Amino acid sequence: MYNKSDIELKVAEFLLQIKAIKLQPANPFTWASGWKSPIYCDNRVTLSHPSVRTYIRQKLSQLIQEEFGSVDLIAGVATAGIPQGVLVAQDLGLPFAYVRSKAKEHGTGSLIEGEISEGQRVVVVEDLISTGKSSLQAVEALRAAGCTVAGLVSIFTYGFDVAEENFKAAKCRHASLSNYSALLDYAAEHSFIMKNDIELLNKWRQDPANWGQHQVTG
C-alpha cells in the first residue's frame, strides 16, 4: 500500500541530507525569474546517490501505478525530468520519450524526441514543480501530438497556488512524492532550520514573487 505521508517525509529527508534542497531563510537565493527564495532545489543531485536514486525511481513508479493505472509511455520534461523519466520507464518496462523546452532549430525541428504514437496514454515525469509552466508546456506538446496525457508526477512541489490554478486550467492531474509542507515539518524536527524560521518560510510560499522585497538579508 502506498503510504503517502511516510514517503513525503522520507523524500524530504533524502533531499535535505544530500543537499539537493538547501534552506537559507536568512540569506536567500535568487532564482532565474528574479524571485528571492529561502529554498533552492536541485533534484539532479539525487542521481549521484544510488540508494536515493533507487528509492525515488521505485516510488515514482508506484505513484504512477496508484494514481494513473495502466499507461503506454513515460515522457520526461527536458532537461532534469529526462533521467528520472528514463529510470521510471525502465522500471515499468515502458517506452520513453522526452519533450524539449523548444523545438530543435536544425535537422527535424523536433519538439518531442523519441517514438510516440497517436492515442498513447502517457504520464509525464518532472523533477520539480514551481509554477507548473514548463511542465504544462510539455503536456500540451504531447496532447498536440495526439497523445492522451493521464497526468504528471514529480519528485517535489513547492505547492504554490499559481501551480494548482495552472494545472486545473490545463485539466491535468498531478502528484508529487514530497512537498514544501512535509519538507518544513522534517527540517524543523531534525534541526535543519530553527523553529522560529517556519513562519518566514511559510510566508514565502504564500507570496513568493514579493517575499524578498520585505526581507532583510544577512
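**Close-ups: the pocket and the sheet**

**View 1. Who lines the largest pocket.** Sorted by class, the lining of the largest pocket comes out as 10 nonpolar, eight polar and five charged residues. Keep in mind that this is a predicted model. The space in this pocket is about 580 Å³. Of the 23 lining residues, the ones that lie nearest the centre are Cys41, Asp127, Leu128, Ser130 and Ser134.

**View 2. Which elements build that lining.** Strand β4 (39–41), strand β8 and helix α4 (133–144) each chip in at least two residues. The top contributor is β8, which gives four residues to the lining of the largest pocket.

**View 3. The six-stranded sheet.** Here's the open sheet, with its strands in the order β7-β6-β5-β8-β9-β10 and mixed pairing. The edge spots go to β7 (112–113) and β10 (174–179); each has a single partner strand, so one side of each is left without a neighbour in the sheet.

**View 4. Zooming in on the β7 edge.** Strand β6 (residues 96–99) runs antiparallel to β7, and two bridges join the pair. One residue pairing to look for: Val99 has Ile112 of β7 as its bridge partner.

**View 5. Helices lying across the sheet.** Helix α3 (residues 81–92) lies across four strands: β5 (73–77), β6, β8 (121–129) and β9 (148–157). Its angle to β5 is about 165 degrees. Helix α6 (residues 180–189) lies across β9 and β10, and runs at about 10 degrees to β10. Strand β9 therefore turns up under both helices, α3 and α6.

Technical notes:
Residues are numbered from 1 along each chain as its sequence is written. This is a predicted model: local features need pLDDT of at least 70, side-chain atom pairs count only at pLDDT 80 or more; totals for chains, interfaces and linings use all residues. Side-chain values use heavy atoms; hydrogens and water are left out. Two strands pair if DSSP finds at least two bridges between them. Contact means heavy atoms within 4.5 Å. Axes are lines fitted to C-alpha atoms, for helices over the stretch in contact, and angles run from 0 to 180 degrees between N-to-C directions. On a 1 Å grid over the protein atoms alone, a cavity is a set of points where a 1.4 Å probe fits but cannot get out, and a pocket is an open set with protein on both sides within 12 Å along at least five of seven lines; lining residues have an atom within 4 Å of a point. Grid points are joined across faces, edges and corners, and a volume is the space filled by probe spheres set on the points. Ala, Val, Leu, Ile, Met, Phe, Trp, Tyr, Cys and Pro count as nonpolar, Asp, Glu, Lys and Arg as charged, and the others, Gly among them, as polar.
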